[in-house]
Structures are given as C-alpha cells and as structure tokens.
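Reader: I am new to reading protein structures, and I would like a close look at a single part. Could you take me carefully through the largest nonpolar core, and then show me how it sits within the chain as a whole?

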Amino acid sequence: MVLVCHKHPFIFLKTRKTAGTSVEMALETLCVPPGQKIVEYHPVQKSEYGIVGRRGDDYKLTGLKRPLRYWEWRNHQSAAFVRRMLGQRDWDARPKITSIRNPFDRMVSYYHYAASFMTAPPTEFSEIRAAFRDFCHGSKWKDDHRIVHLKGKYIIDHAIRFEHLT
C-alpha cells in the first residue's frame with residue numbers, strides 16, 4: 001500500500017515480503033484521524049491527515065472479486081504513480097520511506113507465499129529445494145525496482161530494516 005501523510009509529511013512505499021504490512025499499519029496511525037481503528041483490509045481512505053491506499057483484498061470479506069485497478073491508491077504502487085498523483089512539488093517535499101529485508105530471507109518468504117497458492121506444494125526436502133531453485137530462477141517473483149526507483153534513480157530517503165523491527 002501507499003501512505004501519504006499530511007500532518008507529518010512523508011510517503012511510505014510498500015515493498016514485497018519485507019514486513020511492509022506491519023510497518024504500514026504502524027505508520028497508518030499518523031495518516032488517519034485520531035482514534036480510527038487500524039484494520040488489515042480496507043478500501044482507499046483519504047482525509048485531512050493523509051491518504052491510505054487500499055490494503056489487502058478488501059473484497060475477500062464479501063466474497064466479491066474485481067479486477068485490479070492500476071489507477072487507484074493501493075499496495076505496492078510504483079513511485080511513478082505516486083509522484084504523478086501527488087504532483088512534483090508535493091512529491092519533492094516529502095521524504096520517502098520503505099521497508100527492506102535481507103534478500104535471501106525475502107526470497108524464502110516470497111517462495112513460501114507463492115507455495116501457499118499451489119494445489120500440491122512439495123513436502124520432501126529435495127523437492128522443496130528444487131522448487132525453490134526453480135522459483136528463484138523463474139519469473140514468478142517480482143522485484144521492487146519500480147516501487148523504489150524513479151527514472152533509474154533510487155528515491156528512498158529512509159529504509160526500515162525487517163531485521164531491526166524490534
């Protein structure tokens with residue numbers, strides 16, 4: 001998801017498999033009216049405090065499905081989208097924050113996430129190892145380049161390391 005905070009100016013850009021949901025839920029309290037309950041699934045929220053992008057599949061709760069809308073505030077949105085929606089002046093005025101993780105641990109987490117959608121995930125270690133190797137060499141995982149780069153330049157001002165969350 002994307003967070004844009006107006007009261008304490010910052011932009012949070014959510015990367016994949018880096019504790020992004022935990023970090024955004026902690027930062028979200030700064031982007032919503034005081035006392036608003038922070039929940040895992042919700043639609044886009046806009047207020048004088050900020051913009052909170054759609055998190056999770058809020059339609060799971062109702063059983064409905066709809067196509068992903070690339071023009072809405074949502075999780076894992078690109079830096080280019082956020083800059084375009086905010087405008088150059090507001091983009092430049094706010095520090096950009098993200099969460100990061102040891103690349104190997106991130107890949108293991110990503111593999112387990114992908115395996116949760118398999119109809120028959122491997123159970124034997126040798127099969128898991130082979131499936132993980134294929135996953136790493138394949139194209140089923142996505143990097144976060146478009147989230148943390150803009151026109152080839154790394155745009156993050158502050159990174160919160162998964163390993164240092166405590």
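Author: What follows begins with the core itself and then widens to the chain around it. Please keep in mind that this is a predicted model.

The largest nonpolar core has 16 residues, and those that touch the most other members are Leu13, Trp73, Val82, Leu86, Trp91 and Ile155. At least two residues of this core come from each of strand E1 (2–5), strand E2 (10–13), helix H2 (79–86) and helix H6 (145–148), and H2, with 4 residues, provides the largest share. Tryptophan 91 is a good place to pause: when its neighbours within four places in sequence are set aside, it is in contact with Ile11, Leu13, Ala79, Val82, Arg83, Leu86, Lys96, Leu150 and Ile155. Another core lies apart from the one just described, and its 10 residues include Val23, Leu27, Val32 and Ile97. In soluble globular proteins, nonpolar side chains tend to be buried together.

Turning to the whole chain, 6 helices and 8 strands are present, and from the N terminus on they follow the order β-β-α-β-β-α-α-β-α-α-α-β-β-β. The radius of gyration is 17 Å, close to the 15 Å given by the globule rule for 166 residues, so the chain is as compact as a globular protein of that length. Of the 166 residues, 37% count as buried, and among contacts between residues at least 6 apart in sequence, 61% join residues at least 24 apart.

How values were computed. Residues are numbered from 1 along each chain as its sequence is written. This is a predicted model: local features need pLDDT of at least 70, side-chain atom pairs count only at pLDDT 80 or more; totals for chains, interfaces and linings use all residues. Side-chain values use heavy atoms; hydrogens and water are left out. A nonpolar core is a set of buried Ala, Val, Leu, Ile, Met, Phe, Trp, Tyr and Cys residues joined through side-chain atoms within 4.5 Å. Buried means under 20% relative accessible area, exposed over 50%, partly exposed in between (1.4 Å probe, protein chains only). Contact means heavy atoms within 4.5 Å. The radius of gyration is taken over C-alpha atoms; the globule rule is 2.2 Å times the number of residues to the power 0.38.
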